[in-house]
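Notebook open. I want to see how the chains meet and how one pair of helices packs.

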There are 2 protein chains.
Amino acid sequence: MKNQLKSIQDTLLMGPGPSCVHPSVYNALATNTIGHLDPYFINLMDQIKGYLKILMNTRNRLTIPVSGTGSAGMETCFVNLLEKNDNVLILINGVFGTRMEDVASRLGANVDVLKFEWGTPVIVDAVEGQLNKKNYDLLAVVHAETSTGVCNPINEIGELIRKKKTLYLVDCVTSLGGMEVKMDKWHIDALYSGTQKCLSCPPGLAPVSFSDRAVEKLNNRKAKVPNWYLDLSMITQYWSGKSRVYHHTAPINMLYGLYQACYNIIQEGMEAVFKRHMNMHNLLISELEQMGIQILVETQSRLPMLNSLIIPDGVDDGEIRSRLLNEYQIEIGGGLGPLTGKIWRIGLMGETAREENIIRLIDALKKLL
Amino acid sequence: MKNQLKSIQDTLLMGPGPSCVHPSVYNALATNTIGHLDPYFINLMDQIKGYLKILMNTRNRLTIPVSGTGSAGMETCFVNLLEKNDNVLILINGVFGTRMEDVASRLGANVDVLKFEWGTPVIVDAVEGQLNKKNYDLLAVVHAETSTGVCNPINEIGELIRKKKTLYLVDCVTSLGGMEVKMDKWHIDALYSGTQKCLSCPPGLAPVSFSDRAVEKLNNRKAKVPNWYLDLSMITQYWSGKSRVYHHTAPINMLYGLYQACYNIIQEGMEAVFKRHMNMHNLLISELEQMGIQILVETQSRLPMLNSLIIPDGVDDGEIRSRLLNEYQIEIGGGLGPLTGKIWRIGLMGETAREENIIRLIDALKKLL
């Protein structure tokens, strides 16, 4: 029997995620498995919760990694916070806002959407106008829209709803660990992320956090959470308290990886990590501009960790990405939805945000274009 | 900063899961991450699907690992197959049957249950009687009830409903990879498992398989699956077909681990693996009986991979399990629900089912009791 794992090459991951993984995280993944109720493991869970609070700038007690990928984080937030016929406002300027609409609709919520052009940020005045027209139980928006490279004004939107009863749900899948996320200061009530972006851990876990207001909504639900696996009212009994109640078997080794990944960021220092992302972003943009390549997003709304560049005229999208992967072992991302074939997405997430990686990519692009 | 991972000891996992992991699987987990649309990864996905079909004895095209732990497999089967007000019959003789009732009820199904004493198997005549009284859209039962160590008569129940319209859903979390699971021959329509039992891979993935009848039900749903993350009609577009459509970022490294774990079983030979489980079960039981320890389950209904022994009179449950873990680095499981404090559960799952492990446990128990 041929073992296909042997043929997997070392690839420089410069797409929209997964990102490059530090060797210490691979080692962590390979640490011997112990039981999900082992005191050593429970200690590790407590450490992970603490690290996540630091990364999110929150004091929320309900701050845990959910046992699924980033999209499970989205599902978790909506399914725990929404009840049938709740009024929801979703701000959409890319794939992940669109996904939110689908998730919330399936749960029986009354969903209104405000749509903004892909590649541009959410316009705060439009949101304010809508909030003045109607009361919402929940407003949801993506911080770093991975499909376009746009940063949305999370702080400003938070200011609009801080005195309302509306819960504020923010997707921080791509932003967490690569730029400031100030959950408490920005009045965010529910936040989810993923491990495979700026945390530089393989995909598989979704850190989530709920404010006291969000926990109150959860505790006062009329109906049980219609999703046993993601029911936070039960999962928190395993993740906190003196006697840990078994819910489902935690993904032990993935949690080792997340522990190490958070450890690495906190060890390097969050400010230093954010600065590195910003410096690498500036370097990449300047190199691309010198090649005459245009960037999709206006300067003031660009994300450091996800850069959308407009594919030059006459260049074959699929061919270049294939050749980058096959001849140079570099992965970059294509466009999604209306941007398919129009942009490339270059990730500078976590361990990927290093000068040598940018030089390697730019060299390859210069040869190929 | 102290790194807590360094203090994690090598523990002999003889509880109800997670089980011991072979070094090759740890190595697989630490293989460098590649993209979820990388051709090498798509090839690996195809291999995994093929391996799972072999392990399940099925030709079902929809056979994939779901991105969550075993309980996510349960959630996946119910949420994809049930619609509001569907009639469901659940056979309960332990924790996991009870969990099925909760999962199905949250989805708005009309749930009937037949309850059997914990520690005894489902009685086929009782099921037949109930099926003659009422038509059900779905019947669900656990193959290997991990909370008690009982094997339920899956084949016989399958015979009862093969000519009915009722879909047959079976939990094979603990059985798959440790004893025969003949999905097609036993007329099973939907099956789920977990990686951390007899597959001897860390927890984190849930292999599932749907028969053509189950897929037909999925394709003819009146309402969308009320769970975006686990919607198999979308997930299968990523796992099969020519152009793989991104749904969520697959848990790449966990899938490496599952690939290697399946590879190991198929390499050793399924018959040989099952025989090893049965031999080790017989060895354990004979050693325990020599010590005068009684087994909860009657001989003909015992599982090879999960052995429930009655805690001898006057023995402190928690103390002995703590000392086993702290002094001997051996984990065994306690009882759940009505069996709390009354039984210990000794797992012989996958890599755990080796003679040296049984000798080590029996030696320790002899010293402690």
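First I pulled up the contact between the chains: 61 residues come from chain A and 61 residues from chain B, counting residues as in contact if their C-beta atoms, placed from the backbone, lie within 7 Å. This is a predicted model, where local features need pLDDT of at least 70, side-chain atom pairs count only at pLDDT 80 or more, and totals for chains, interfaces and linings use all residues. Residues are numbered from 1 along each chain as its sequence is written, with chains lettered from A and ligands numbered from 1 in the order written.

Next I asked which helix gives the side of chain A that touches chain B its largest share. That is α9(A), with 8 residues; helices here are DSSP runs (H or I, at least four residues), numbered from the N terminus.

Then I checked symmetry. A turn of 180 degrees and a shift of 0.0 Å along the axis lay chain A on chain B with an RMSD of 0.0 Å, superposed by least squares on C-alpha atoms of residues with pLDDT of at least 70 in both. That is the relation of a two-fold axis. In chain A, A:G68 comes closest to the rotation axis, at 2.6 Å (C-alpha). I also noted that 100% of the interface residues of chain A are interface residues in chain B too, so the copies meet through the same surface.

Last, I looked at α5 (residues 124-133) and α6 (residues 154-161) of chain B: their axes come within 10 Å and cross at roughly 20 degrees. Axes are lines fitted to C-alpha atoms over the stretch in contact, with angles from 0 to 180 degrees between N-to-C directions. That makes α5(B) roughly parallel to α6(B) (angles under 35 degrees). On the α5(B) side, the contact is made by B:V124, B:V127, B:E128 and B:L131.

Key. Two residues are in contact if their C-beta atoms, placed from the backbone, lie within 7 Å. Helices (H or I, at least four residues) and strands (E, at least two) are DSSP runs, numbered from the N terminus. Angles under 35 degrees count as roughly parallel, over 145 as roughly antiparallel, 65 to 115 as roughly perpendicular and the rest as oblique.
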